[in-house]
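Q: Please take a close look at one part of this model and describe it in connected prose. I would like to know how the part is built and what surrounds it.

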Amino acid sequence: MVRYFLPWWPSDYIWKEWRIDDDMTKQPHWSKAYLWDYLPDLLDGILVSRMAVSLRKVKTLRQDIRYSGTILGDSGAHSYRAFDQPPFSCQDLLDFYAQGQFNYGMTLDMVASPWVRPGGLPSNELERRLQLTLTNAEICLELCDRYQYPFQLLGVVQGWDAESYQRCARALVQMGFEYVAIAGQRKLSLIKDAIRATQAEICNADRPIKIHVLGTGNPHILPYYVEQGIDSFDSSTWLRKAWLDNRYNYFDVSGNCHTAHRATRIGLGPLDVDSLEWATSITCPCPFSQDLGQQILLFRGHERNTRRGFHNVYQYYQLLNAHRTL
Ligand SMILES: [Zn+2]
């Protein structure tokens, strides 16, 4: 069954004691609460990026966020995609995974896609990034063998077309990886090409090799993941659209999406909310929709917006489970 990892950022919390009447205010004694505090069995795991948490803070991360489930780590290559080199070493990255008691960690990659910079990247630069990804994968593998880190290492497959993905996957298979992670692409057709290219190499291997797909959870590709036997993927799109999308902020399992009222822009006070015309009535059984009622559709402040994001993750899981049990 394909496992779904939710990418987690330190800002993905709510204040436990907050109530609607508190609106935009906050009390100093309030405590942080996370999605899994409310829905402990919802997630298959979380993805924590090296770029999101410091080496110092990762040591107590599990205790700080009260998370005992599966953690997958990655370098956060998207955050440094405009750089020429990753801003830390392979050793630093592996120490990060080990100190955070992660279950899985990905090799130190560089995004090798033309769209990482305005105007694109020349072909020799794409090739350099792919080679750097492979060199780092080999270094990470050697370090893992030498120090016997207590997590499983995933080799990142980078590329910009089917041929380059396949070349990268072939090299990782030859190195000995048993779990590879295909770097995401904006175009779904290219992701499918990358999956096919990787699977072509995996078929020739003398051992089973698992596949993770990075950063792509578009509902249209979920049936494909299930059909192709993809082992895991991650996506935070539905969570972040709750406050980042201009139009679609509140989702449900059947694919309906609604726009939240921009109360900040139109200057509504809490008393005026009752007179709004809501796009939909709230029937979702998740604790966030139940707690906020119609106000979960109010685009106003971190507390409402993040709760709406948590609701979206809950609905995303219902959607995923519908595909997984087919
Ligand atoms: Zn809900």
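A: A helix and its surroundings

Q101 is placed in the loop that runs between α4 and β6 (104-106). The model is a predicted one. Q101 is not a glycine, yet its phi is positive, at about 55°. In general, most residues other than glycine have a negative phi. Q101 has 16 C-beta neighbours inside 10 Å and therefore counts as partly exposed; the cut-offs are 20 or more for buried and 12 or fewer for exposed.

The helix that precedes this loop leads to the main subject, α5. Residues 90-99 form α4, and α4 is among the elements that cover the buried residues of α5. The cover also includes β7 (152-157) and α6 (162-175).

Helix α5 itself runs over residues 123-147. Its 25 residues, at 1.5 Å a residue, should span 36 Å, and since its end C-alpha atoms are 36 Å apart, the expected span and the model agree. The buried residues of α5 are L126, R129, L130, T133, L134, N136, A137, C140 and C144.

The end of α5 is followed by a second positive phi. Q148 comes just after α5 and has a phi of about 50°. Like Q101, Q148 is a residue other than glycine with a positive phi value. Q148 sits in the loop that joins α5 to β7. With 7 other C-beta atoms within 10 Å, Q148 is exposed, because 12 or fewer is the cut-off for that class.

Next comes the packing of α5 on α6. Two packed helices are described by the angle between their axes and the distance between the axes. For α5 and α6, the axes come within 11 Å and cross at roughly 15°. The two helices are therefore roughly parallel to each other, as angles under 35 degrees fall in that class. The crossing of α5 past α6 is right-handed. On the α5 side, the contact is made by L130, T133, L134, A137, E138 and L141, and on the α6 side by S164, C168, A171, L172 and M175. By type, the residues of this contact are 8 nonpolar, 2 polar and 1 charged. L130, T133, L134 and A137 of this contact also appear among the buried residues of α5.

From α6 the packing carries on to α7 (188-203). The angle between α6 and α7 is about 35°, and their axes are 8 Å apart. This crossing, too, is right-handed. Here A162, Y165, Q166, A169, R170 and V173 of α6 meet D193, A194, A197, T198, A200, E201 and I202 of α7. The residues of the contact are 8 nonpolar, 2 polar and 3 charged.

The loop in front of α7 holds Q185, which lies between β8 (179-182) and α7. Q185 is buried, since 22 other C-beta atoms lie within 10 Å. Leaving out residues up to four places away in sequence, Q185 touches S113, L190, I191 and A194. A194 thus appears both in the contact of α7 with α6 and beside Q185. Between Q185 and M24 there are 37 Å in space, C-alpha to C-alpha, and 161 residues in sequence.

For comparison, here is another helix pair in the model. Helix α9 (residues 237-244) packs on helix α12 (residues 301-324) at an angle of about 150°, with the axes 8 Å apart. That angle makes α9 roughly antiparallel to α12. The α9 and α12 crossing is right-handed. W238, L239, R240, K241, A242 and W243 of α9 make the contact with N305, R308, G309, N312, V313 and Y316 of α12. The residues of this contact are 6 nonpolar, 3 polar and 3 charged.

A last loop residue brings in E303. W18 is found in the loop between β2 (14-15) and β3 (32-33). W18 is buried, because 20 other C-beta atoms lie within 10 Å. Apart from its neighbours within four places in sequence, W18 is in contact with W30 and E303. W18 and E303 are separated by 285 residues in sequence, but by 7.6 Å in space, C-alpha to C-alpha.

Definitions and conventions. Residues numbered from 1 in each chain as written. Predicted model: local features only at pLDDT ≥ 70, side-chain atom pairs only at ≥ 80, totals over all residues. Helix = DSSP H or I, 4+ residues; strand = E, 2+ residues; numbered from the N terminus. Expected span 1.5 Å × (residues − 1). Contact = placed C-beta atoms within 7 Å. Axes fitted to C-alpha atoms, helices over the stretch in contact; angles between N-to-C directions. Parallel < 35°, antiparallel > 145°, perpendicular 65-115°, else oblique. Left-handed = near helix turned anticlockwise from the far one by under 90°. Nonpolar A, V, L, I, M, F, W, Y, C, P; charged D, E, K, R; others polar.
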